[in-house]
Amino acid sequence: MPRKDKAKKKPAAASVRELLRVGPDFDPAAMDARRVLAGPADKAQALAQVGALAGEVTALQERLYAESKGGGKRRLLVVLQGMDTSGKGGAIKALDRIVEPLGMRVAQFGAPTKAELKKHYLWRIEQKLPPPGTIGIFDRSHYEDVLVVRVRNLVPPEEWEKRYDEINAWEKKWSDDGVVFLKCMLFISPAEQKERLLARLAEPDKRWKYRPGDVDDRLLWNDFMTAYQAALTRCSTDYAPWYVIPSDRKWHRDWLLTHMVAETLREMNPQFPSPDYDVAAETKRVMAS
Ligand code: AMP
Ligand code: MG
């Protein structure tokens, strides 16, 4: 019998996360934001597959919550970063399709307030960490403190330079405390961003999403990419890796992100706690009541 020639086959990535994980040579300039990297190449099919994850994900989520009731500290934190219009809001809507809202905590980070600026930059982030048993989603994050802050010189270089190590140490501390990080950069091309910004201006019901400052950031695209490259390569660790999601196609972005979340929860494999009471004795008591 002829043997199948396995040597010629490209080895399939074990997981979506493995496919998207940032390596030391990550270069935004070499990224293709339109590429379909895994899953269906067809919008309708991709969206159907996202929806089909809901049952499994909510079951895992219930187990995670139950685990925390038994004293477990694990929680999932999805960190979303990306340029304006990269689809952070859309990605959260996709997660909302597969996650039970009761166990989901969304936090958005805009420019810090005067009061926040008086404190350490990680302070406001720490306030929003998801409690054990839940799934947190960050729409922007502490990474702005080495992205926009670096690009716009909001603090001197010696200040932001030390933040990379500080962020790694902070993430290590929280990872040891049960936070499972899933840090995702939604990567769009400058051409796609232009179209999305123009669409926001053209449609009256999208104009509220537009800020004149978006163009100022856009004009600094290359500086932002340099800052992203530094942040993602220096802060992609075993305990809190970075992933880059090609996001010019919204349905593909959603497919990749939701499958990464499902994969992570499966791997976490949360466990129902054993009851801290005698089940047989309690059953008797209830029957007799
Ligand atoms: P958006 O997410 O589009 O609503 O915009 C939020 C804005 O807040 C973006 O322009 C961010 O760059 C900005 N922002 C977020 N975090 C910080 C920070 N730590 N320092 C300065 N600006 C920030
Ligand atoms: Mg914006």
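**Strand pairing, core and pocket in the predicted model**

Within strand S3, Ile-135 is the residue that serves as bridge partner to Met-104. This pairing, like every feature described below, is taken from a predicted model. Met-104 belongs to the span of strand S2, residues 104-108, and S2 and S3 run parallel to one another, joined by five bridges. Strand S3 is also paired with strand S1 (residues 75-81), again in the parallel sense and again over five bridges. In that second pairing, Leu-77 finds its bridge partner in Gly-136 of S3.

The surroundings of S3 are consistent with these pairings. Because five of the five residues of S3, which covers residues 135-139, are buried, the strand is largely enclosed by the rest of the structure. The burial extends to both faces of S3, with Ile-135, Ile-137 and Asp-139 covered on one side, and Gly-136 and Phe-138 covered on the other. For the chain as a whole, 46% of the 289 residues count as buried. Its secondary structure is made up of 14 helices and five strands, and the C-alpha trace spans about 75 × 70 × 45 Å along its principal axes.

Phe-138 of S3 also appears in the largest nonpolar core, a set of 41 residues in which Phe-138, Tyr-143, Met-185, Met-225, Leu-232 and Trp-242 have the most contacts. At least two residues of this core are supplied by each of S1, helix H7 (148-151), helix H9 (163-176), strand S4 (179-187), helix H12 (221-234) and strand S5. Helix H12 provides the largest share of the core, with eight residues.

Helix H12 also holds Thr-233, which counts as partly exposed because its relative accessibility is 26%. Although Thr-233 and Gly-23 are separated by 210 residues in sequence, their C-alpha atoms are 6.8 Å apart in space. The opposite situation is illustrated by Leu-154 and Lys-194, which are 40 residues apart in sequence but have C-alpha atoms 26 Å apart.

Strand S5 (242-246), which contributes to the core, is also one of the elements that give two or more residues to the lining of a pocket, the second largest, together with helix H1 (16-20). The volume of the second largest pocket is about 290 Å³. Its lining consists of 15 residues, among which Leu-19, Leu-20, Met-31, Leu-37 and Val-244 lie nearest the centre of the pocket. When the lining residues of this pocket are sorted by class, nine are nonpolar, one is polar and five are charged.

The cysteines were examined for possible disulfides, and the count comes to zero. The sulfur of Cys-184 has its closest cysteine sulfur in Cys-235, at 15 Å, and this separation is too far for a bond, given that a disulfide requires two cysteine sulfur atoms within 2.5 Å. Cys-235 is accordingly in no disulfide, with the sulfur of Cys-184 as its nearest cysteine sulfur. With a relative accessible area of 0%, Cys-184 is buried, and Cys-235 is likewise buried, also at 0%.

Attention was finally given to backbone geometry in the loops. Most residues other than glycine have a negative phi. Thr-85, which is not a glycine, nevertheless has a positive phi of about 70°. Thr-85 is placed in the loop that lies between S1 and helix H4 (88-98), and it counts as buried because its relative accessibility is 7%, below the cut-off of 20%. A positive phi, near 55°, is likewise found for Asn-153, another residue other than glycine. Asn-153 is located in the loop between H7 and H8, where, in contrast to the burial of Thr-85, Asn-153 counts as exposed because its relative accessibility is 58%. The loop between H7 and helix H8 (157-161) also contains Leu-154, which counts as exposed at a relative accessibility of 54%.

Terms used:
Residues numbered from 1 in each chain as written. Chains lettered and ligands numbered in written order. Predicted model: local features only at pLDDT ≥ 70, side-chain atom pairs only at ≥ 80, totals over all residues. Heavy atoms only, no water. Buried < 20%, exposed > 50% of the residue type's maximum accessible area, 1.4 Å probe, protein only. Helix = DSSP H or I, 4+ residues; strand = E, 2+ residues; numbered from the N terminus. Pairing = 2+ DSSP bridges. 1 Å grid on protein atoms, 1.4 Å probe; cavity = no way out; pocket = protein on both sides within 12 Å on 5 of 7 lines; lining within 4 Å. Points joined across faces, edges and corners; volume = space filled by probe spheres on them. Nonpolar A, V, L, I, M, F, W, Y, C, P; charged D, E, K, R; others polar. Core = buried A, V, L, I, M, F, W, Y, C linked by side-chain atoms within 4.5 Å.
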